[in-house]
Amino acid sequence: EVKTFLFIADAIARASEPGQFVMVWNPGVDEIPISIADVSGGGEQIELAIADRGDCTHSLHQKHEGDLIGLRGPYGRGFRIHGSRICIVGGGYGVAPLLFAARRARELGKDITVLVGARSESELLYVAEFHDIGCDVRVATEDGSQGFRGVVTELLSSTLRDEDFDQVLCCGPELMMKRVCGITKRAGIPTQIAVERIVKCSCGACGSCDLGGYRVCTDGPVFDAEELEGTEFGCWKRAKSGKRIQINNNCSSGLSSVPSPAFTPEYEPLLETHLCGIEFPNPIANAAGFGVSGKLLYRYAIAGAGALVTKSVGVREQEGYPNPTFFEVAPQTQSYVNAMGLPNPGIRDYGPEIEDAKRANVPLILNVFARDVEESREVAKVALNYPIEMLEFNASCPHTDFVSMENNPKLLRSIIEAIREVIHPHHIPLAVKLSPNIGDIAGLAMTLERAGADAITAINTVLCRPIDRTLDIPILGNPTGYGGKSGRALTAGGKQVVFSLYEELKIPIIAVGGIYSAKDVIDYARNGASLFQIGSALVTQGHGIFRKIKEDLKDYIRNNGYKNIGELVGEAHRR
Ligand SMILES: Cc1cc2nc3c(=O)[nH]c(=O)nc-3n(C[C@H](O)[C@H](O)[C@H](O)COP(=O)(O)O)c2cc1C
């Protein structure tokens, strides 16, 4: 069953484009992405067509007028309407965003032919509405109860035998859309496809909605058909954990990805960095958790990153917390809160991501977590099967379902000793990631240095528990309500932590926390860090941030008479 919900939300309605989506928060249950089906009420209200097909949507179906839910958005890249004759192809409840696209195209004076498919007449959506706005509507039902008997792709093939279009816009079940791409490619018609994946953060941070290294929430959800070629579209998708799951048994490649071209980074002598026996082409990496897939990490390398850091991976697959898992503290602050809950496919199933990332010839840091010594030994042993350059142990996630290891220095020391015992004979160094959520971070870091850590990464996110003031309940889906702050809120504190660590440690420091510019990198370097990880800044600055920071750093190094970025490290302590 599909119900249409109407929301008076003028700011969202005014900003909405066809094909975009909003995040709908059903407090206490989940937060889900829903395509905008239409903007109505003089541009002040949005319509959402919600099918009853899971806990969250089922509970939304029980709501009544006046009940409170949360809405944020609009998000994503919508349909780009070109040409004068447009064919719209929709299947099942995928028809919803196409109504809005058809209305916008009609306002632009386009001729629209709509092909709507469903199993049976009773499941057809928006046929009358398409008629009302002046579209030529044709229907396909599998049982023949209305219109053409068969599937909508057959109707498309027969339509294209006699008619020509400038563009096809499509939304529906993935295998149907894959077939549409094949048909329109043969006919030479540019095609746009609205893709569905599991969305968590909705703004390009977490990478849960990955599709071939693209993030559906920001690079999509509407893609040109050519962009989807060579991706897993139509073959497999990802579970909430990030694990690959087959959606089409006929795909000969199974769960593999099409390999990206091998990539070697440019030689940048001013930025080249040596750390823990590893040669980094430059010291700017991504932070852990900004992407699950190897393809996305590979894209960071292409964008200029000198090292790649994986999502935290544990012994077993886990799907993380329900949404909301990530949001901006307040508009335009670039400070965020997250409680992802360490979703990951499990280390044994992480191999394909490492293989994809390793198409880029830059050092790969595998970030791992464990609940105890046994798990940490196991995770380290499996890690040895992978071509990684460094292990980073996440001891500081502030919203796990177990007490984070940095709160138990004795246990953490045993874990570090156990991991070290496994990986050191293979010359893989170990960094330990800490946060300021404990009192004496420098003291703990010294203990870990003695236990055999080769580097300290600081800082992880800062503990918080955001509350919705209207409902007086925690916002995050984590049952305890706790999460961690990231982004601009961490810039000043992170630099201070690195300064105090450098005073006490001999091992190198990897900086993370609110790095937005070359100035931030210079401050962190002068305070004592040698490698720099960028996380939340990717949300607003995109992948271009890697190159921008590197260019600005090189200018600074040249203009101030340094030979290499390494000369900046710890300078603030030598004055
Ligand atoms: C969405 C999200 C997911 C994260 N996942 C991980 C993770 O899996 N492992 C980890 O060690 N840190 C994780 N972090 C923490 C970041 O790596 C980083 O330490 C923190 O965000 C501070 O950097 P930033 O201000 O540049 O974002 C995550 C942070 C965010 C916002």
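Partly exposed means a relative accessible area between the buried limit, under 20%, and the exposed limit, over 50%. Keep that at hand for these exercises on a predicted model.

**Exercise 1. Find the salt bridge partner of Arg 53 and classify both residues by exposure.**

Step 1. Arg 53 pairs with Glu 196, and their closest N and O atoms are 3.0 Å apart.
Step 2. Place the two residues: Arg 53 sits in the loop between strand E5 (45-51) and helix H2 (55-61), while Glu 196 sits in the loop between strand E12 (191-194) and strand E13 (210-211). The bridge therefore links distant parts of the chain, 143 residues apart.
Step 3. Compare with the limits. Arg 53 has 53% relative accessibility, so Arg 53 is exposed. Glu 196 has 47%, so Glu 196 is partly exposed.

**Exercise 2. Work out whether Lys 495 and Asp 520 are buried or exposed, and what their salt bridge ties together.**

Step 1. The closest N and O atoms of Lys 495 and Asp 520 are 2.8 Å apart.
Step 2. Lys 495 belongs to helix H13 (residues 491-504) and Asp 520 to helix H14 (residues 518-527), so the bridge ties together parts that are 25 residues apart in sequence.
Step 3. Lys 495 is buried, at 12% relative accessibility. Asp 520 is buried too, at 8%.

**Exercise 3. Decide which cysteines form the disulfide, and explain why Cys 135 and Cys 171 do not bond to their closest cysteines.**

Step 1. A disulfide needs two cysteine sulfur atoms within 2.5 Å.
Step 2. Cys 235 and Cys 251 are joined, with an S to S distance of 2.0 Å. The structure holds one disulfide.
Step 3. Cys 235 is in the loop between helix H7 (225-228) and strand E16 (236-238), and Cys 251 is in the loop between strand E17 (244-246) and strand E18 (273-275), so the link ties together parts 16 residues apart in sequence.
Step 4. For handedness, look at the angle about the S-S bond: at -70°, the link of Cys 235 and Cys 251 is left-handed. Both cysteines are buried.
Step 5. Now the other two. The sulfur of Cys 135 is 11 Å from its closest cysteine sulfur, in Cys 87, which is too far for a bond. For Cys 171, the closest cysteine sulfur is in Cys 170 at 7.0 Å, again too far.
Step 6. Check exposure: Cys 135 is buried at 6% relative accessibility, and Cys 171 is buried at 9%.

Technical notes: Residues numbered from 1 in each chain as written. Predicted model: local features only at pLDDT ≥ 70, side-chain atom pairs only at ≥ 80, totals over all residues. Heavy atoms only, no water. Helix = DSSP H or I, 4+ residues; strand = E, 2+ residues; numbered from the N terminus. Buried < 20%, exposed > 50% of the residue type's maximum accessible area, 1.4 Å probe, protein only. Salt bridge = Lys/Arg side-chain N within 4 Å of Asp/Glu carboxyl O.
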